[in-house]
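Here is a chain to look over together. The turns below ask how each label is earned, and each answer checks a value against its cut-off.

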Amino acid sequence: MLQADIEVCTPIERTPRVLQVEGLFDVPPGREARLRWRVALPLDERPWQVGLIVGPSGSGKTTIARWLWPERFAVEASWPAGRSVLDAFPAGLSIKEIVRLLCSVGFSSPPAWLRPYQVLSTGQQFRVRLARLLAEQPELAVMDEFSSVVDRTVAQVGAHAVARTVRERGQRFVAVTCHEDIEAWLNPDWVYRPDTNTFTWRLLQRRPAIRLGIARIGREAWPLFRAHHYLSANLSPAAVCFGAFWCRGAESSLVAFTAWVPALTRRGGRPEHRTVTLPDYQGVGVGHALSTFVAATGKGLGERATSTTTHPAFLACRLRSPDWRLVRRPSLAHVDGRHRVRHAVTRLTAGFEYVGPAMNGRLAQRVLSNRVLLMTEDGFEKG
């Protein structure tokens, strides 16, 4: 049982203005303000990895968390001015480990890794702070004002990404926030509410469903995404493009882009050319879902769908997915009979083939004819 009897005493200087407010609002006069909390968290009753302290402003969340875990409580870290965020991570961490950590919290844009912290967007700063905190506090990390400075969709996506990362790495993490909306996305093992002094164990659940509208789109959408792609910003003239739209009620936003080109080999098919998800929506598998959707469309038309990637996050998704089969382990160049593809001679790439279910042929043809479809976590829905 983690227990604490916390009392905070703050001196009050009885200035003329203070005396006026005491008189106007019948506030009892005093020389100090006292706040007290009696906390009992039964965290030794069962194993846990993710915790949540949530409640309104002024309920004591920060005070309690700082008191319970003084050595693990995250403070605002300094970032090297003018240098890449990569240089802010612990010196003993390899670049491979840093990249894996950044990708796992949903910060998967290599061009952004090279920038200083100060020029990143608010959402990117949120993700990179999480990654660094998990690197510096591998046993237990406590983050105050979790997701308070970002858009609510970004907060929810980031909460899911960090919880998944913590569980995969075997760490512990406690989020402290005033936002109730992240609970379902963070999916914590326990929740403590200081305002009512209640503690609750939770059972793990699936994250809330994400509805994506998927449609064939034009090449003019590429400029929105090209700065976030880890390879060349060029798009093949032969590319056929699709977009994923994040749907909430009557509103939708284009959040991911994928382009496919005709194969140049005798086996034919359509290789994946470019797939990018906007930074604020990385970490929940939107790009992978879009790519898999298009691959199923191609298979429904009798085409073989293949994918070559070097990105750690995409590699991990492909390897976990039953819909994709590894056909070439990471290597510097792909050999296919007497032909050698020379675009990957400086970096390791892995090759995959789509082996999942095919979309109905008529439905697939409608997708290629610019008819929007809605996709859920459980499959395809007609839109």
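Q: What does "buried" mean here?
A: Buried means a relative accessible area under 20%, while exposed means over 50% and partly exposed covers what falls in between. Keep in mind that this is a predicted model.

Q: Why is Cys247 called buried?
A: Cys247 has a relative accessible area of 15%. The cut-off for buried is under 20%, so Cys247 gets that label.

Q: What about Cys241, buried or exposed?
A: Cys241 comes out at 2% relative accessibility, so buried is the word here too.

Q: How many disulfides does the structure hold?
A: Zero. To count, a pair of cysteine sulfur atoms has to lie within 2.5 Å, and the structure holds no such pair.

Q: What share of the chain is buried?
A: Buried residues make up 47% of the 383 residues. The chain has 10 helices and 18 strands, and its accessible surface comes to about 19,500 Å², with 53% of that belonging to carbon and sulfur atoms.

Q: What makes Asp5 and Arg36 a salt bridge?
A: Their closest N and O atoms are 2.9 Å apart. The limit is 4 Å between a side-chain nitrogen of Lys or Arg and a carboxyl oxygen of Asp or Glu, so the pair qualifies. It links distant parts of the chain: Asp5 sits in strand 1 (residues 2-11) and Arg36 in strand 2 (residues 32-41), 31 residues apart.

Q: Why are Asp5 and Arg36 called partly exposed?
A: Asp5 has a relative accessible area of 40%, and Arg36 has 47%. Partly exposed runs between the 20% and 50% cut-offs, so both residues get the label.

Q: How do you know that Asp87 and Arg83 form a salt bridge?
A: The N to O distance between their side chains is 3.8 Å, and the limit is 4 Å, so this pair counts as well. Asp87 is partly exposed at 44%, and so is Arg83 at 47%.

Q: What makes Arg152 and Asp181 a link between distant parts of the chain?
A: Arg152 is in helix 6 (residues 152-169), whereas Asp181 is in the loop between strand 5 (173-177) and helix 7 (183-186), 29 residues away. The closest N and O atoms of this salt bridge are 2.9 Å apart. Arg152 is partly exposed at 23%, and Asp181 is partly exposed at 30%.

Q: Which residues form a salt-bridge network?
A: Glu180, Glu183, Arg193 and Arg202 are joined into one network by salt bridges that share partners. The structure holds 13 salt bridges.

Q: Why are the buried residues of helix 2 said to be on the same side?
A: In helix 2 (residues 61-68), the buried residues are Lys61, Ile64, Ala65 and Leu68. They cover an arc of only 95° around the axis, so they end up on the same side of the helix. What covers them includes strand 1, strand 2 and strand 3 (50-54).

Q: Which members of the largest nonpolar core touch the most other members?
A: Leu102, Val128, Phe146, Phe173, Leu186, Trp246 and Phe257 do, out of 82 residues. A second, separate core of 21 residues includes Ala4, Val39, Leu140 and Val174.

Q: What is notable about the phi of Asn187?
A: Phi of Asn187 is near 50°, a positive value in a residue other than glycine. Asn187 is found in the loop between helix 7 and strand 6. At 11% relative accessible area, under the 20% cut-off, Asn187 is buried.

Q: Why is Asn197 called partly exposed?
A: Asn197 has 43% relative accessibility, between 20% and 50%, so partly exposed fits. Asn197 also has a positive phi, about 55°, and lies in the loop between strand 6 and strand 7 (198-201).

Q: Which residues does Gly218 touch, leaving out those up to four places away in sequence?
A: Gly218 touches Cys241 and Phe257. The C-alpha atoms of Gly218 and Cys241 are separated by 6.2 Å, with the two residues 23 apart along the chain.

Notes. Residues are numbered from 1 along each chain as its sequence is written. This is a predicted model: local features need pLDDT of at least 70, side-chain atom pairs count only at pLDDT 80 or more; totals for chains, interfaces and linings use all residues. Side-chain values use heavy atoms; hydrogens and water are left out. Helices (H or I, at least four residues) and strands (E, at least two) are DSSP runs, numbered from the N terminus. Buried means under 20% relative accessible area, exposed over 50%, partly exposed in between (1.4 Å probe, protein chains only). Accessible areas come from the Shrake-Rupley method with a 1.4 Å probe; for residues, only the protein chains shown count as cover. The arc is that of the directions from the helix axis to the C-beta atoms. Contact means heavy atoms within 4.5 Å. A nonpolar core is a set of buried Ala, Val, Leu, Ile, Met, Phe, Trp, Tyr and Cys residues joined through side-chain atoms within 4.5 Å.
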